[in-house]
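Colleague: I've just opened this one and don't know my way around yet. Could you walk me through it while I ask questions?

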Amino acid sequence: MAISITEDYPRVSQNHLRFTIEVHGTPFTTTVTSDPEVVRKWLRTTLYRFARFRHRLVVGLGVQWRPASYRGEKPPAATLQLCVGRRCLIFQLRHSPTVPNLLRHFLKDPNHTFVGMWNQSDAKKLLFSSEHELEMARKPVNLSRHAVSRHDGRRLDARASRETIVRECLGFDVDFNTRIGRSDWEKYELDDEQILYAAVDAYCSFLIGKDLRAWEFANICSAIWTQEEEEEEEDEEDLLNGEEQLWNLWFQEYLWTYQEEDL
């Protein structure tokens with residue numbers, strides 16, 4: 001696996017670590033912190049650098065939590081990962097006394113399209129199981145259900161693994177080890193394996209969401225998601241069918257564009 005991680009020295013502080021991660025020849029920076037001020041500065045810099053995309057900003061997003069200690073336990077969100085371009089952030093929520101208001105505005109901005117893989121629980125984890133109660137403007141796009149192969153424009157099976165999604169959409173191999181995904185994400189010092197897992201997941205999600213033009217699909221589905229939240233008594237299967245129909249219309253348009261570009 002052509003993936004490496006190197007800590008940048010000297011350390012800014014014990015609570016502000018920076019790493020350079022390289023994925024198959026492409027380096028990107030990752031900041032690991034529980035300091036709200038570091039998070040605020042990271043967001044300000046990111047928004048400034050990507051200001052030209054402010055109306056269609058794609059953000060790779062991930063949430064990690066520790067394994068349940070007993071049956072029925074719902075562990076709170078331990079970390080929040082964000083990635084835009086070659087800039088990633090791992091915010092250790094469980095060790096932060098508060099969160100900056102800028103982060104709340106960032107998550108609730110309707111111009112920001114958050115994407116991830118197998119992320120069905122992420123929005124609920126941030127809102128209901130975190131003491132910070134972080135609310136999102138809409139559910140993050142689940143790339144597991146909407147990924148398209150870069151090789152032939154084929155829509156991937158909704159049950160495809162993270163490894164398959166990355167290989168089909170980005171053309172390289174990564175390994176998302178289940179042992180690491182289910183490790184203790186609440187410990188104060190995350191190890192290199194955890195940092196790699198979280199950062200590479202968010203980075204790959206960003207790349208796929210950008211290539212997929214996820215902001216277009218998110219706008220199409222926003223009405224369905226709003227209906228799902230406001231009409232809890234509505235039959236869930238009907239809502240999913242509605243989203244599926246909208247997705248199929250968008251997918252046909254995407255496939256037509258893909259074929260035109262291939263000519």
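Colleague: Let me start with a detail: which backbone nitrogen lies 3.1 Å from a polar atom of the side chain of S149?

Modeller: That is the backbone nitrogen of H151, which lies 3.1 Å from a polar atom of the S149 side chain. A polar contact here is a pair of N or O atoms within 3.5 Å; within protein, one must be able to donate a hydrogen and the other to accept it, and residues adjacent in sequence count only if both atoms are side-chain atoms. Before going on, please note that this is a predicted model, in which local features need pLDDT of at least 70 and side-chain atom pairs count only at pLDDT 80 or more, while totals for chains, interfaces and linings use all residues. Residues are numbered from 1 along each chain as its sequence is written, and side-chain values use heavy atoms, with hydrogens and water left out.

Colleague: Which other side chain does the side chain of S149 make a polar contact with?

Modeller: The side chain of D152, at 3.5 Å. Leaving aside neighbours within four places in sequence, S149 is also in contact (heavy atoms within 4.5 Å) with R154, L156 and E168.

Colleague: Where does S149 lie, and is S149 buried or exposed?

Modeller: S149 lies in the loop between α4 (143-146) and α5 (162-170), where helices (H or I, at least four residues) and strands (E, at least two) are DSSP runs, numbered from the N terminus. S149 counts as buried because its relative accessibility is 1%; buried means under 20% relative accessible area, exposed over 50%, and partly exposed in between, with a 1.4 Å probe and protein chains only.

Colleague: Stepping back, how many helices and strands does the chain have?

Modeller: The chain has 9 helices and 8 strands, and of its 263 residues, 51% count as buried. Among the contacts with a separation of 6 or more, 63% come from residues 24 or more positions apart.

Colleague: Let's take one helix, then. What does α1 look like from end to end?

Modeller: Helix α1 covers residues 36-49, which is 14 residues, and reaches 20 Å from its first C-alpha to its last, close to the 20 Å expected at 1.5 Å a residue; the expected span is 1.5 Å times one less than the number of residues. At the start of α1, a side-chain oxygen of D35 reaches to within 2.9 Å of the backbone nitrogen of E37.

Colleague: Which residues of α1 are buried?

Modeller: They are P36, V38, V39, W42, L43 and T46. These residues are on the same side of α1 because they cover an arc of only 155 degrees around the axis, the arc being that of the directions from the helix axis to the C-beta atoms. The face turned away from that buried side carries the exposed residues R44 and Y48.

Colleague: And what covers the buried residues of α1?

Modeller: The covering elements include β2 (16-23), β3, β5 (79-84), β6 (87-92) and α2 (101-108). L43 is a good example from α1: it is buried, with a relative accessible area of 0%, and, not counting residues up to four places away in sequence, L43 touches L82, L102, L103 and F106. In α2 you also find N101, which counts as exposed at 54% relative accessibility.

Colleague: Changing topic, how many aromatic pairs are there?

Modeller: The count comes to 4 aromatic pairs, where rings of Phe, Tyr and Trp (its six-membered ring) pair if their centres lie within 6.5 Å, and planes under 30 degrees apart count as stacked, over 60 as edge-to-face and the rest as tilted. One of them is F28 with Y203, a stacked pair at 4.2 Å centre to centre and 15 degrees between the planes. This pair links distant parts of the chain, with F28 in strand β3 (residues 26-33) and Y203 in helix α7 (residues 192-212), 175 residues apart. F28 is buried, with a relative accessible area of 2%, and Y203 counts as buried at 5%.

Colleague: What about W185 and Y197, how are they arranged?

Modeller: They form a tilted pair, 6.1 Å centre to centre with 55 degrees between the planes. W185 is in the loop between α6 (178-181) and α7, while Y197 is in helix α7. Both W185 and Y197 are buried, and together with F176 they form one aromatic cluster.
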